[in-house]
Amino acid sequence: MERSAYYLTAWRRGRYYRTYPTYVQDEVAAALDDSVQFERGPIELRRRGTATDDTPAFVVQDDRYLSARWPGDAYLFARRFTTLLESPPA
């Protein structure tokens with residue numbers, strides 16, 4: 001999604017949205033022991049998760065680490081985060 005957003009806005013904003021020299025997806029994939037560990041979520045540019053529908057949302061959880069891609073994943077992220085907070089520490 002980061003790469004798509006950059007390509008869609010570069011004509012107008014230049015490198016404005018390029019915060020880092022490497023795309024986050026590329027950096028994370030390179031840091032993993034095995035590329036099979038990387039799970040890319042669905043590309044959703046228009047639909048967002050809602051309070052009642054998580055279909056377009058994508059959240060990754062690894063033990064007590066929780067991550068989401070963009071504001072469209074906020075409802076699902078909040079529900080998973082609440083579950084983490086309510087669960088006893090490992």
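A helix here is a DSSP run of H or I at least four residues long, numbered from the N terminus. Keep that in mind for one of the ring pairs below. This is a predicted model, and what follows is a quick tour of its aromatic rings.

How many aromatic pairs are there? The count comes to two. Take the tyrosines: the ring centres of tyrosine 6 and tyrosine 7 are 5.7 Å apart with their planes at 50°, so this pair is tilted. Their surroundings are a bit of a contrast. Tyrosine 6 is buried, with a relative accessible area of 14%, whereas tyrosine 7 is exposed, at 54%.

The phenylalanines make the other pair. Phenylalanine 77 and phenylalanine 81 are stacked, with 6.0 Å from centre to centre and 5° between the planes. Stacked applies because planes under 30 degrees apart count that way. Both phenylalanines belong to helix α3, which covers residues 74-86, and they sit four residues apart, about one turn of the helix. As for accessibility, phenylalanine 77 is partly exposed at 28%, and phenylalanine 81 is also partly exposed, at 39%.

Then there are the arginines. Which rings have a charged end sitting over them? The table has two cases, tyrosine 16 and tyrosine 23.

| Charged end | Ring beneath | Distance to ring centre |
|---|---|---|
| arginine 13 | tyrosine 16 | 4.3 Å |
| arginine 18 | tyrosine 23 | 3.8 Å |

So if you're browsing the structure, look for the tilted pair at tyrosine 6 and tyrosine 7, then the stacked pair of phenylalanine 77 and phenylalanine 81.

Technical notes
Residues are numbered from 1 along each chain as its sequence is written. This is a predicted model: local features need pLDDT of at least 70, side-chain atom pairs count only at pLDDT 80 or more; totals for chains, interfaces and linings use all residues. Side-chain values use heavy atoms; hydrogens and water are left out. Rings of Phe, Tyr and Trp (its six-membered ring) pair if their centres lie within 6.5 Å; planes under 30 degrees apart count as stacked, over 60 as edge-to-face and the rest as tilted. Buried means under 20% relative accessible area, exposed over 50%, partly exposed in between (1.4 Å probe, protein chains only). Helices (H or I, at least four residues) and strands (E, at least two) are DSSP runs, numbered from the N terminus. A charge sits over a ring if NZ of Lys or CZ of Arg is within 6 Å of the ring centre and within 35 degrees of the ring normal.
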